[in-house]
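Work through the exercises below with the structure open. Each has a task sentence and a solution in steps.

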Amino acid sequence: MKTLIKNIKQLVSPVNEDYAILSDFKRLSVYENVSIVVNNGIIEEIIDNPNPDIEVSGVINARNRVVMPAFVDPHTHLVFAGTREDEFNMRIQGKTYMEIAKAGGGINSTVKKTREASEGELYEAAKSNLLKMIEHGVATFEIKSGYGLDTETELKQLRVIKKLMENMPVDIKATFLGAHEIPPEYREDKEKYIEILINEMLPAAKEQGIAEYCDIFCEEGVFDVEESRRILTKAKELGFKIRMHADELTPLGGAELAAELGAKSADHLVYISDKGIDAMVSKNVVFVMLPGTTFFLMSQKYAPAKKIAERGGIVALSTDFNPGSSYTHSMPMIITLACLNMGLTIEQAINAATINAAYSLDLHNKTGSIHKGKQADLIFLDIPSYKFLVYNYGVNHVSAVMKKGKVIYQR
Ligand SMILES: [Zn+2]
């Protein structure tokens with residue numbers, strides 16, 4: 001079954017099929033006035049307009065839009081109950097963490113509500129948020145657990161992710177994040193919670209086969225480097241691939257640990273050291289940058305994405321979608337923030353939100369660029385050129401999203 005996507009004004013893709021670094025990271029392939037032939041959901045060829053005589057069973061008219069690969073979001077906390085808009089309102093008035101916690105805010109409020117919610121309620125809420133992210137051009141997701149902090153609820157979250165995988169028309173990778181925080185009931189006995197993570201939660205998640213990655217919040221006051229090493233080493237033994245929340249609030253050395261363990265990605269990295277950058281570069285660990293979180297938390301200090309790129313790091317971008325520190329469905333907004341506040345160029349930010357993000361999820365063979373043999377995972381944009389994606393900010397330019405050759409969203 002062949003489909004022709006005709007009348008593309010500008011077709012934009014990462015140059016590389018696997019990941020983009022250094023000079024390639026600054027480049028994009030740009031074709032003007034072309035069409036794409038899609039065969040059974042797979043990109044077959046790019047041809048010039050007007051089209052030669054080819055036999056197709058369907059035609060999609062791009063109507064002179066810009067077409068590029070659908071975004072890949074490699075770091076989301078999509079499965080949770082409740083929202084935290086009151087806490088947000090306190091935060092912007094300068095209320096302290098303690099005052100917010102006293103008023104019932106903070107991550108513990110999400111944990112409490114997620115524990116109480118039924119699987120069906122969690123699924124409906126996650127689905128609704130996921131659909132909004134698709135509207136903003138994302139067609140491949142990573143989703144973490146991490147708001148249960150007990151075996152039962154973490155598994156419940158992972159089952160919701162599995163159900164999303166089965167029912168939603170996008171690619172999804174699941175990550176176990178039981179080590180997101182120390183649950184209130186073990187605040188005074190962290191060691192006990194680490195034992196539960198190692199001896200009960202990780203084996204249970206493994207046995208059910210519902211998470212490919214294991215993540216951790218390696219941070220002062222949460223899990224230090226030694227504790228993170230213990231938990232992640234066990235995860236590796238069980239066959240999980242590793243992702244990390246590292247060096248977000250303090251320069252703890254999470255980046256170095258990610259390199260030591262051969263993690264797939266280390267994320268946040270606001271306080272990463274030069275040694276940490278070099279260690280991650282040498283092991284091809286992806287640097288997932290989350291400028292939306294820095295913006296939303298009103299911090300002035302962004303992760304050094306520009307420096308990382310200059311040193312040869314694989315830089316990816318993500319929304320960090322979650323109810324506390326980054327409540328946005330918009331990958332285009334993240335791209336704009338990365339350009340304005342992290343010093344990335346438009347081309348670098350697009351590479352980071354597509355091919356490099358796909359590489360961090362081991363999905364670069366299927367998605368993240370427009371190359372023969374990859375899935376036709378595309379977005380159609382109502383703009384005169386790809387540069388308007390960043391330049392004309394705060395607006396959703398996505399008019400349609402295609403996954404594996406099928407239109408899954410159309411405005
Ligand atoms: Zn996160």
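**Exercise 1. Determine how strand β11 pairs with β12, and place both in their sheet.**

Step 1. Strand β11, residues 286–289, pairs with β12 in the parallel sense, and 3 bridges join the two. Strands (E, at least two residues) and helices (H or I, at least four) are DSSP runs numbered from the N terminus, and two strands pair if DSSP finds at least two bridges between them.

Step 2. Across from Phe287 stands Val315 of β12.

Step 3. The sheet is open, with 8 strands in parallel pairing and the order β5-β6-β7-β8-β9-β10-β11-β12. Its edges are β5 (71–76) and β12 (315–317); each has a single partner strand, so one side of each lacks a neighbour in the sheet.

Step 4. From one strand to the next, the twist averages 25 degrees. Angles run from 0 to 180 degrees between N-to-C directions, and axes are lines fitted to C-alpha atoms, for helices over the stretch in contact.

The model is predicted: local features need pLDDT of at least 70 and side-chain atom pairs count only at pLDDT 80 or more, while totals for chains, interfaces and linings use all residues. Residues are numbered from 1 along each chain as its sequence is written.

**Exercise 2. Find the strands that helix α8 lies across.**

Step 1. Helix α8 covers residues 225–238 and lies across β7 (171–179), β8 (213–218) and β9 (241–246).

Step 2. Relative to β8, α8 runs at about 175 degrees.

**Exercise 3. Describe the packing of α6 against α7.**

Step 1. The axes of α6 (residues 151–167) and α7 (residues 190–208) come within 10 Å and cross at roughly 30 degrees. α6 is therefore roughly parallel to α7 (angles under 35 degrees count as roughly parallel, over 145 as roughly antiparallel, 65 to 115 as roughly perpendicular and the rest as oblique).

Step 2. The crossing of α6 and α7 is right-handed; that is, the near helix is turned clockwise from the far one by less than a right angle, and anticlockwise would be left-handed.

Step 3. On α6 the contact uses Thr151, Glu154, Leu155 and Leu158, and on α7 Glu200, Met201, Ala204, Ala205 and Gln208. Two residues are in contact if their C-beta atoms, placed from the backbone, lie within 7 Å.

Step 4. The residues of this contact divide into 5 nonpolar, 2 polar and 2 charged. Ala, Val, Leu, Ile, Met, Phe, Trp, Tyr, Cys and Pro count as nonpolar, Asp, Glu, Lys and Arg as charged, and the others, Gly among them, as polar.

**Exercise 4. Describe the packing of α9 against α10.**

Step 1. Helix α9 (residues 254–261) packs on helix α10 (residues 274–282) at about 20 degrees, with the axes 8 Å apart. This angle makes α9 roughly parallel to α10.

Step 2. α9 and α10 cross in the left-handed sense.

Step 3. By class, the contact of α9 with α10 has 6 nonpolar, 2 polar and 2 charged residues.

**Exercise 5. Give the strand order of the sheet with mixed pairing, and locate its edges.**

Step 1. This open sheet has 7 strands in the order β3-β2-β1-β4-β13-β14-β15.

Step 2. β3 (42–48) and β15 are the edge strands, each pairing on one side only.

Step 3. Strand β1 (residues 2–13) runs parallel to β4, and 7 bridges join them. Leu4 has Val59 in β4 as its bridge partner.
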